[in-house]
Amino acid sequence: MQPIVLISIIVFVLIVIGVLAVVMFALRKDENGSSVSDPETHPKGYWISIGISIGAGFGVALGLVFDNLALGIAMGAAIGVSIGAALEQKNKENVQQPTEQEQRIRKWGVAVGLSLLLVIVGLFMFYYLLIR
């Protein structure tokens, strides 16, 4: 067995143990049966982003094991989206409504992001046509 495969398996097992420890800590209950963790509100999409992050981490380990990093990350992110969507449904009563300032910042962020995307695509097209 190659050392990279052995290291990948060890990293994967450690990640699984870490995630299970975090989940068990988050789901623990006090003597009355209520949750110990604070009933915080989260913005919409919070749990999906957490799921994607954890899934992509698992995907790196899977990609190293199967010697295809890109496929592993994509598979991990896809699994993470499904787990995040389930957690989002579970916690839908704790969704925090965005303030007007947050909505304004989000709109500006989308506008700036799309503008940068158009500029970059335009530069790539210009460069491609210049080379031809």
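Buried means under 20% relative accessible area, exposed means over 50%, and partly exposed lies in between. The exercises below apply this to a predicted model.

**Exercise 1. Classify Ile9, then place it on the surface: is Ile9 buried, exposed or partly exposed?**

Step 1. Take the relative accessibility of Ile9, which is 34%.
Step 2. Compare it with the limits of 20% and 50%. Ile9 therefore counts as partly exposed.
Step 3. Locate the residue. Ile9 sits in helix H1, residues 3-27.
Step 4. Look at its surroundings. Ile9 belongs to a nonpolar surface patch with Leu6, Ile10, Val13, Leu14 and Ile17. Together these residues have about 530 Å² of accessible area.

**Exercise 2. Find the aromatic pairs and describe their geometry: how many are there?**

Step 1. Count the ring pairs with centres within 6.5 Å. The count is 2.
Step 2. Take Phe12 and Phe58. Their centres are 5.7 Å apart, with 65 degrees between the planes. Planes over 60 degrees apart count as edge-to-face, and the Phe12–Phe58 pair is edge-to-face.
Step 3. Place this pair in the chain. Phe12 is in helix H1 and Phe58 is in helix H2, residues 46-65. They are 46 residues apart, so the pair links distant parts of the chain.
Step 4. Check the cover of each ring's residue. Phe12 is partly exposed at 28%, whereas Phe58 is buried at 17%.
Step 5. Turn to Tyr46 and Trp47. Their ring centres lie 5.1 Å apart and the planes make 80 degrees, so this pair is edge-to-face.
Step 6. Classify these two residues. Tyr46 is partly exposed at 29%. Trp47 is partly exposed at 22%.

**Exercise 3. Test the length of H2 and list its buried residues: which residues of H2 are buried?**

Step 1. Compute the expected span. At 1.5 Å a residue, the 20 residues of H2 should span 28 Å.
Step 2. Compare with the model. The end C-alpha atoms of H2 are 29 Å apart, which agrees.
Step 3. List the buried residues of H2: Gly51, Gly55, Phe58, Gly59, Ala61 and Gly63.
Step 4. Go past the end of the helix. Just after H2, Asp67 has a positive phi of about 60 degrees.

**Exercise 4. Summarise the chain: in what order do its elements run?**

Step 1. Count the elements: 4 helices and 2 strands.
Step 2. Order them from the N terminus: α-β-α-α-β-α.
Step 3. Assess burial. Of the 132 residues in the chain, 11% are buried.
Step 4. Assess the surface. The chain exposes about 10,500 Å², and carbon and sulfur atoms supply 72% of it.
Step 5. Assess contacts. Among contacts with a separation of 6 or more, 66% join residues 24 or more positions apart.

Technical notes. Residues numbered from 1 in each chain as written. Predicted model: local features only at pLDDT ≥ 70, side-chain atom pairs only at ≥ 80, totals over all residues. Heavy atoms only, no water. Patch = residues over 30% accessible without salt bridge, like charges linked within 9 Å, V, L, I, M, F, W, Y side chains within 5 Å. Areas by Shrake-Rupley, 256 points an atom, 1.4 Å probe, with all protein chains shown as cover. Salt bridge = Lys/Arg side-chain N within 4 Å of Asp/Glu carboxyl O. Buried < 20%, exposed > 50% of the residue type's maximum accessible area, 1.4 Å probe, protein only. Phe/Tyr/Trp six-rings, centres within 6.5 Å; stacked < 30°, edge-to-face > 60°. Expected span 1.5 Å × (residues − 1). Contact = heavy atoms within 4.5 Å.
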